[in-house]
Every structure is written in structure tokens, then in C-alpha cells.
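Work through the exercises below with the sequence and the 3D view open. Each task is followed by its solution in steps.

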Amino acid sequence: MSFIPTLLTTAAGGAQGAGQMDAMGGTFGMLIPLILIFAIMYFLMIRPQQKKQKETQKMIDAIKKGDKVVTIGGIHGIVSSVKENTLVIKVDDNTRIEFNRTAIATVVTDKPASDGKDVTESKNSEVTEK
């Protein structure tokens, strides 16, 4: 059953009484799965992408002098100056490159590495206990 023939028969007055209600109910019944598909697409595709975009924008806005960054081209460097729409990245001792803020892929955060000593001590204590 298609929507157009149902609409034409309703407009022509071909369906009367209960038959007209069944035709309209069938049309709305066909729209419900379509609406559900759009709702599922929104929650699985569009909404997560919007969240990721907001997080990326917050990261770009929070960049300050001295931050270690990686560009979308894979260039690693340290921010030497911040301008309104651009950043100057220090790549080497005497090499500075100016990038748009949108060219920054990530801000690198250095996590302190655990000492190898602690790991070996815990392994040795386990071995001696057995």
C-alpha cells in the first residue's frame, strides 16, 4: 500500500467511515518505522559526533604556550606563541612553523612512567615468597 493512492482515494471520497480510518491508520503505521530509523541514526551517529566535535573545540581553545601538540599532518612540537587564529609551533631549536588552530590534532600529556625498579622488586618479592 502506497501513500499516494491512499491520499487520492481519501481526497476523491472513495473511502468512507471505518474504511477511511483504516487507510489513515495504515499510513501512520508505515511512518512509525521510518521515524524510529531516524531516531536510532541520531543517537548512534549524529549525537556522538557532535560530542566529539565539542570536546575537540574545547581542547583547541585551551591550548597555551608550552603545550606539546601534534598536528593533523603528524608534526610534533611545542607551542611557542598563541595568536587569535594561529599557533606558532617550535619544531626544532631554530625552527618555528605557524599553523591554524584547526590543524592541531591532539595535545600531548606526559604521564610519568613507573620506575622499572618497582616492577622488579614486586616480581622478586613474589618469587621469594614461593
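**Surface and fold of a predicted model**

The chain exposes about 10400 Å², and carbon and sulfur atoms supply 61% of that area. The model is a predicted one.

**Exercise 1.** List the secondary structure elements from the N terminus on, and state what share of the residues is buried.

*Solution.* Step one: the chain holds three helices and five strands. Step two: read from the N terminus, their order is α-α-β-β-β-β-β-α. Step three: with buried taken as under 20% relative accessible area, buried residues account for 15% of the 130 residues.

**Exercise 2.** Describe how β3 and β4 are joined.

*Solution.* Step one: locate β3 at residues 86-92 and β4 at residues 95-100. Step two: the two strands pair antiparallel over six bridges. Step three: two residues lie between β3 and β4, which form a hairpin. Step four: to check the register, take T86, whose bridge partner in β4 is N100.

**Exercise 3.** Find the pairing of β1 with β2.

*Solution.* Step one: β1 covers residues 68-71 and β2 covers residues 76-82. Step two: these strands run antiparallel and are joined by three bridges. Step three: V69 is found opposite G77 of β2.

**Exercise 4.** Assemble the sheet and explain why one side of β4 and of β5 has no neighbour in it.

*Solution.* Step one: the five strands make an open sheet, ordered β4-β3-β2-β1-β5, with antiparallel pairing. Step two: β4 and β5 (104-108) stand at the edges and have a single partner strand each, so one side of each lacks a neighbour in the sheet. Step three: from one strand to the next, the twist averages 45°.

Note on methods. Residues are numbered from 1 along each chain as its sequence is written. This is a predicted model: local features need pLDDT of at least 70, side-chain atom pairs count only at pLDDT 80 or more; totals for chains, interfaces and linings use all residues. Side-chain values use heavy atoms; hydrogens and water are left out. Helices (H or I, at least four residues) and strands (E, at least two) are DSSP runs, numbered from the N terminus. Buried means under 20% relative accessible area, exposed over 50%, partly exposed in between (1.4 Å probe, protein chains only). Accessible areas come from the Shrake-Rupley method with a 1.4 Å probe; for residues, only the protein chains shown count as cover. Two strands pair if DSSP finds at least two bridges between them. Axes are lines fitted to C-alpha atoms, for helices over the stretch in contact, and angles run from 0 to 180 degrees between N-to-C directions.
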